[in-house]
Every structure is written in C-alpha cells, then in structure tokens.
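Colleague: I should like to learn how the features of a structural model are read. Could we begin with cysteine pairing and proceed from there?

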Amino acid sequence: MTTLDRRGFLRAGVTAGAGLVVGFTLGGASEGAEAPAAGAAAATGFKPNAWLRVAPDGEITIWFAKSEMGQGVMTALPMIVAEELDADWKSVRVVQADLDDAFEDQDTGGSSGVHDSFTPLRKAGAAAREMLVAAAAATWGVPASSCRTESGSVIHAATSRKLGYGSLAERASKLPVPAAPRLKDPKTFSIVGHATPRVDLPDKVRGAAIYGIDTMIPGMLYAAVARCPVLRGRPASHDPTKTLDVPGVTQVVVFRSGVAVLGKTMWAVLEGRRRLEIDWDEGEYATLGSDAIRKQWEEAGASEGAVAQKAGDAKVALAKAATKIAAVYELPFLAHAPMEPQNCIADVREDRCEIWAPTQVPASVLATAQRITRLPASAIRVHVTLIGGGFGRRLEADYAAEAVYLSQLAGAPVKLVYDREEDMRNDFYRPGSRHQLAGAVGADGAIIAWTHRVVAPSIRGQRGAGAPGGLDTQAVDGAADFGYVIPNHLVDYVMSNTPVPTGWWRSVYASQNAFATESFFDELCAAAKRDPLEMRRRHLAKAPRLLRVLELAAAKAGWGTPVTAGRGRGIAAAASFGSYVAQVAEVSVADDGTIRVHRVVCAVDCGRVVNPDTVAAQMEGGIVFGLSAALYGEITLDKGRVQQRNFDEYPVLRMDAMPEVEVHIVPSDEEPSGVGEPAVPVIAPAVANALFAATGRRLRRLPLRAAARLPSPRRATS
C-alpha cells in the first residue's frame, strides 16, 4: 500500500499531465459530487474530504480518509466509486490519506464507513464518468448521449470507436463538474454486490504490510513507561541509577503516567524499565476490588432509574400477573486486547510536529498534540497507519499524547510502544453492568409485562458529557429499543460510575444489553412453555427486518429438527448500528464442564451489500470476538490492580475451539448499514440459550466459564 501526501497531490494536480481529479465530500451538509478539478479546487478554496483521480495512464486512485483496521473498508469504498465510474476494477488503487481538514470527518467507528459514504461516493464516480463521456463526445464531435462507458473506456456505439479514460483525463479535467450526475440503476451493478478480494490482504498475508508498530523514522528513540499498578496511582519517588547503566538508555523521564525510559533500542528501554526502582503513591483506589464494584451496582439498582422506554404500566401488570419471573444478569469489564498493542511515533520540533499513529481518530490526535505543543494545527501533521486491531481502543489518543510529550521533552523523535501487559492493564475498558429484569406472561403465552433496569457506568458521563435527566441513551442501546412489542414495557437506567476507565468496545452497550434481554426472553419462553422461535415471532410484528433474519437463521439451522445427541440449540436476535442479525448456536458441555460451541448459523440484513465477502468476514469476525468475550472475557480488580496481564489470563478463542460458522445475507435494496459490530451482541445470548437447552441450567453472568460447575448434559432439545 502506498502512502501519498494529499498536499503533494494537489500540487501535481495543477501541473500538466495530472489527469482528471474530482473532489467530493462524504456525508455532512455538502454531500454530493460538487468539486471542480484540482486546479480550480485550489483556486476556489473548495475543501473536499476525499479525492478521486483518473491518471493519464488510466490508473484510478481513491484517497481513502478512514482507518483500515481489518474491516475491509479499504476495498468496499473504492468498489462504490469504481461501479459508478464504470472503471476497470484492476486499474483502481486506494491510498491512505493523512489527516487533513479537507476531509472533514476522518474518524472511524460505529460501523459507519460504508453507510456514511455510499451515496456521496456513488455521486463522485458518476460525476467523473459524465465528464469523461463529455470529453470523448467533444473529441469525436458527437452527442454525449450517443456514447456509453465500459470497463474504463468511453465507446461511441454507432462507430464502435473507443477511448480509454486515461487518454480523456486531461480534457475531462477542464470541464465543469455535473451538479446532479445520473446514478446507475443498481440492477446493472457489476462490481457492487459481487464478492471481491480485499486489496489489503496480499501484503498482510506476505507480511509486507506496514502497521504503526512497524513504522520507523531516522534518528528516533524508543520509549517504554513504568506505570503504577494501581488505578490512577502515581510515582512518588524513583532511582534511575541502574537504568541509566543500561547501554543504549539515554534518559529517564517522570511524568503523570509514570516513569518513562528513553533509549536507542527497544531492548534497552525494556531492560532499563525493568531495573527502575520506584516508590508508588497508590492513591485513593488502592483497596478497590471487583466485589466492591458489584456491591455498588447492586445498591444502585435499588434506585429509581431514568426512564428510557415506557408503554402501558409494567409494574401494575406484573403485580397482577399469575405467571411472572425476575432475574439479574451481570457482565464484567472487558479489555479491547488488539493484537497490535498501542504505539505511536512523534517528532516534535520547535516549529512543527509530525505523528505516525494507528488511530481511529486522527483529528483527536491532532487536537491532543496542539494542546501539548501549543503549535497551530497547520504545523502538525498526522499520518494514519494500518491498524492491527482496534475494536474501539484506538478511539482514545492517550498513547499519542504520551509520545508527543516525550518527544517534546527529549528533543528528538520518539517511538512509544506498550507491551502486552501494559496495554491490557491500561485500557479504557468496556463498562461492566448489572441488569434487573422482570416479566410476565398471560394465559395465552404472550408476554404481557417487561421491566429492565440497566445499572452501568456511563462512558460519556465519566468524561463529563451531559446526560439529561441522568439518562445516557447509549447505555440502553438494544434494551430500550429491542424490537419486541410488549403492552406493558418499562426500561430505565441508573448511572453508577467507578474509577475504572471506560471506553467504546466493539458494539458498545449493545453487547451487554442483548445478552440480558435475549437470555431473559428465553426465560419467559420457558416460563410460558413456548418455543423460543415462535415466541419471538409473536412479538416482532413491528420489526419485520429482525423477524426476517430470525426466520432465515432458524430455517438454515434446522430449528425444530432433532439436534445431535448431547447438544442444545439456542437462538437470539438483535438490531444494532442499523443492521439486523440473528444467530442459532449449537453447544455441548463436557463432563468436566468445558463448553464447546459446535456450530453457529448467522443471518444478517445490512441493507444493500457492497462486498459480500466483507460482510461474511465481519459476521465471522464478530462471532469470534463475541464468543471469546462470552466464554472467557473478564477484567477483574484486586487492591486497585487489574489482575489480567496477557492472553494466558485473558484468553481469546483458539483455532481448535472455533465453531463451524455459516453466514446468510438477506437480499435488500435498503441503504447499506453497519457490519463491523452487529454480530457481536447476538452470540452470547445464543450460546447461553443453547446451554439452557442442553443442560437445563440458566447462566446469567458472563463469562460463561462459570458453566464449569454445570452437571453433565442431561437433555438435548431445540
């Protein structure tokens, strides 16, 4: 993959031979292909946030202003442009853009890449196509309407004359950009909707891809930081003598986060850090433990919450109901644990600053650097590198802030690298939570009342953001709006913050709320002695897309047919980030209590699909990610210390434990929606419901390894 400076490109665009350049915007108020060619763009001050170029040799380049962290968006977005442009896909390349305010929004998160870009990118490709057709028509002296495009060429139908886009690029670049280009009929799409190999994969498979942690610049120092093992603790005193004796160590720096060792090699700074002698001020949280946090949430659950959903009178209906149940579900804090730990290079000089960061929020990195260096934004440059796993962790800029600060102190470029243990113990964790649910069923088996009190820290609230009336709407995602129609329905939220830093974790609160709601729904099915699929169908009258994926997953999984002896089958469904996902899991429990997930059948409706391969991969990846958390994931605290340090204590699913996964995509003409996160929330309840089917035991706390105490499987039903 090539990195190209957009400012350099602009300079090329106003010189001869640059070809056709089209600027366009992605989302926002100025949506649409509206940019003139680069020369005019520079003259008018137009600031698009992504760029398309057709070069004289016919190569088509898309400057890509999002972060690629394995989700495949680096392939999907160019496919949209190429489709409307009628380009030869083999002639298209995509180039990572550095941070530039011309791109408006370069944040990557919320499964929004394709969703936000689909229509603007289509318009950009269509505008370029119309300009190329106009250039060809002028060359031949024929009406534009007599020409068509195909695979990177304009063709005059009557005479079969043909000109490649490259030969037309310069002439086209002098034409006005169409204000309202005509978009193709999706029925004619030949690229969008077709499985396409990812452009970033070959380099990754060969080991040639350059991630942030691989990035090197001349003259840089390395840095490693010794941090207090207690949350929010600080160094009280230290002795750097032994550290400074290590060959290659150049400096020891004390700052808010800890004590940093700088040196010429990574080995030197790690060895130097090991030899540091530090007395810590452990601060006020030196006695904090997980049991105390659970007790805090239990006590908070006795409070009235801020109402997020209300229909009928659930409390009265519950009081009158003959068949009712109540349950408490608990979920732990979770780490992001990406394969590539946090790292960043910063080079701070007197009048400028340059940063290389694997970040989802380059603008936040820039703002952080501004705050530290006091330099104007124009003097700071942020290079976005490939990301080896984000899952929300790189929505934070803490590691970039440290690199900038250390470079400023050292007067040299500094590469800061977290090791695995440091990364896991200094995360912004997914909030843990407590869920208090009660429900009732009528004589006909329908659910007549449902209450759900969500008790959890607020990510926004912890950062000082407003929560009107105490309600963080993000914290009730998937709980207040779960799609089921229930006549008496009450969902409320109690904010209960803790000293544990929290952040956005893949699928955020939807991952917690779906476990509680879809598991409890199954409990009500059992109380009503009804089939879980039939019961869900009954209550999804106003959620047809959720119903459709539910029925598709059930049909493909053979719901209602006998399951393999010793196994149980469970179903769950949830909507998040605009998409709808249902999964059926088949599980068994060994005599020693080990849970085995054998098969997962997944159905997804994410609107119009750009690249089916990407959608399937995102569903599979979400299932692996969510299953790791469901079976093993847990961050615990003792005496203010995060107890997990590495993958031996915070396991992820191993290859030999990977279930067979099938993904079925619902055909749709709806606008594309997110696929990076929606598979995650569904897997935990699907597995928990399957465990109940297999064993008769209901597990209400994650991780499900508590099932180690389960008896041997005693029944197997669907």
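Modeller: A disulfide is a pair of cysteine sulfur atoms within 2.5 Å. By that criterion, a search of the whole structure finds 0 disulfides.

Colleague: What is the source of the coordinates, and how are residues numbered?

Modeller: This is a predicted model, in which local features need pLDDT of at least 70 and side-chain atom pairs count only at pLDDT 80 or more, while totals for chains, interfaces and linings use all residues. Residues are numbered from 1 along each chain as its sequence is written, and side-chain values use heavy atoms, with hydrogens and water left out.

Colleague: How is pLDDT to be read, and what is its mean for the protein chain?

Modeller: pLDDT is the predictor's confidence in each residue, from 0 to 100. The protein chain has a mean of 89, and 91% of its residues reach 70 or more. Over residues 1–17 the value stays under 50, and the model has 36 contacts (heavy atoms within 4.5 Å) beyond four places in sequence for this stretch. Residues 25–49 are also below 50 in pLDDT, with 68 contacts in the model beyond near neighbours in sequence.

Colleague: To return to the cysteines, why does cysteine 606 form no bond with the closest cysteine sulfur?

Modeller: The closest cysteine sulfur, in cysteine 602, is 9.9 Å from that of cysteine 606, which is too far for a bond. Cysteine 606 is buried (under 20% relative accessible area; exposed is over 50% and partly exposed in between, with a 1.4 Å probe and protein chains only), at a relative accessible area of 2%. Cysteine 147 is buried too, at 13%.

Colleague: How does one describe the packing of two helices?

Modeller: Two packed helices are described by the angle between their axes and the distance between the axes. Axes are lines fitted to C-alpha atoms, for helices over the stretch in contact, and angles run from 0 to 180 degrees between N-to-C directions. Helices (H or I, at least four residues) and strands (E, at least two) are DSSP runs, numbered from the N terminus. Here the axes of H3 (residues 73–85) and H4 (residues 113–140) come within 6 Å, crossing at roughly 35 degrees. The contact includes Ile80 and Leu85 of H3 together with Phe118 and Leu121 of H4.

Colleague: Which helix shows how buried residues pack against other elements?

Modeller: Helix H8 (residues 266–274) has Ala268, Val269, Glu271, Gly272 and Arg273 as its buried residues. They pack against strands E8 (221–227), E10 (249–255) and E11 (258–263), and against helices H7 (241–244) and H13 (420–425).

Colleague: What is the usual sign of phi, and which peptide geometry prevails?

Modeller: Most residues other than glycine have a negative phi, and most peptide bonds are trans. Aspartate 86, although not a glycine, has a positive phi of about 60 degrees. This aspartate 86 is found in the loop between H3 and strand E4 (92–96), and it is buried at 16% relative accessible area. Valine 508 likewise has a positive phi, of about 50 degrees, and lies in the loop between strand E21 (488–495) and helix H15 (510–528). At 10% relative accessibility, valine 508 counts as buried.

Colleague: Where is a cis peptide bond found?

Modeller: The bond from leucine 702 to proline 703 is cis, with omega near 5 degrees. Proline 703 lies in the segment after helix H19 (680–695).
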